[in-house]
Amino acid sequence: MISFNQVSKRYPSGFEALKNVSFRLAQGEMAYLSGHSGAGKSTLLKLIAAIERPNAGSVLVNNKNVSVLKSAALPYLRRSLGIIFQDHKLLFDRSVFDNVQLPLQICGFDHKESAKRVRAALDKVGLLNREKANPIALSGGEQQRLCIARAIVNRPAILLADEPTGNLDAEYAEEIMKIFNSFHQVGVTLLISTHDAAVLQNSQVRVITLKQGEIQSDAARCATGDAGQTATSTDSGRAFLTKSPNSAEGAAC
Ligand SMILES: Nc1ncnc2c1ncn2[C@@H]1O[C@H](COP(=O)(O)OP(=O)(O)O)[C@@H](O)[C@H]1O
Ligand SMILES: [Mg+2]
């Protein structure tokens with residue numbers, strides 16, 4: 001579902017943030033992207049969303065080379081992705097509900113259908129009773145859950161999260177990871193960057209570690225874990241996130 005083939009990324013400053021990076025993430029797989037600050041984690045995630053372009057190599061998402069996508073095709077790519085940014089990007093001049101609804105408005109959903117989806121997404125992250133609140137009134141953990149609701153409201157098949165537990169205490173971080181695990185259970189493909197030792201220690205999933213822009217290691221943490229397996233569940237949870245279990249595009253509008 002995601003494939004990096006000898007990818008290098010040099011910023012205009014001349015700094016080479018990624019060097020010859022290759023890996024594949026199968027449909028329904030969950031992996032952590034770890035590494036020290038500056039290792040290239042955010043850059044790698046931005047290449048998947050075509051926010052940045054590689055200088056060499058190719059990045060395939062759903063078998064499409066997103067490194068060469070024309071700007072007109074970008075909305076289609078972005079609709080198949082849910083992205084949780086490191087810096088939240090919440091809008092503090094509107095309500096929790098409106099923040100989550102925004103991606104659907106952009107897609108042109110009618111109000112009734114979008115309201116249904118927004119409430120389903122808020123319910124999924126336990127924020128249904130805060131829909132009228134302003135995000136500023138939420139705790140750090142709740143703001144992060146709001147970001148997750150906004151990222152999943154389009155029912156994407158792939159979820160990218162950039163240090164989602166970065167500023168949270170252990171209890172909130174665990175809550176967030178449980179939400180991600182529940183998406184994994186229903187077949188969503190997840191790539192989550194983190195340098196949170198607690199998250200990595202307790203995890204049984206695949207960890208791809210970057211060091212100074214190169215892959216240092218890429219391994220499942222535990223032989224009995226489910227890393228690398230494709231989730232097969234088709235329960236109602238999956239139905240919430242992806243319209244069709246076989247659709248690589250998710251329920252893009
Ligand atoms: N837009 C940019 N222009 C120049 N250098 C950048 C830019 N974004 C990131 N970098 C550099 O690339 C390296 C990798 O950054 P990043 O991908 O943000 O790492 P991480 O997310 O692992 O902390 C860092 O040294 C950073 O300073
Ligand atoms: Mg980063």
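Trainee: Which element gives the largest share of the shell around ligand 1?
Mentor: This is a predicted model, in which local features need pLDDT of at least 70 and side-chain atom pairs count only at pLDDT 80 or more, while totals for chains, interfaces and linings use all residues. Residues are numbered from 1 along each chain as its sequence is written, and chains are lettered from A and ligands numbered from 1 in the order in which they are written. The shell (C-beta atom, placed from the backbone, within 6 Å of the molecule) includes G40, K41, S42 and T43. Three residues, the largest share, come from one helix (a DSSP run of H or I, at least four residues; strands are E, at least two; both numbered from the N terminus), namely α1.

Trainee: How many of the eight residues of α1 are buried?
Mentor: A residue is buried if 20 or more other C-beta atoms, placed from the backbone, lie within 10 Å of its own. K41, S42, T43, L44, L45, L47 and I48 meet this criterion. Helix α1 (residues 41–48) is therefore largely enclosed by the rest of the structure, the buried count being seven.

Trainee: Which strands stand at the edges of the six-strand sheet?
Mentor: The open, mixed sheet runs β6-β7-β8-β3-β9-β10. Two of these strands each have a single partner, so one side of each is left without a neighbour in the sheet; they are β6 (81–84) and β10 (214–220).

Trainee: Which residue of β7 is the bridge partner of L81?
Mentor: Strands β6 and β7 (residues 158–162) pair (at least two DSSP bridges) in the parallel sense over four bridges. The partner of L81 in β7 is I158.

Terms used: Buried ≥ 20, exposed ≤ 12 C-beta atoms within 10 Å, placed from the backbone.
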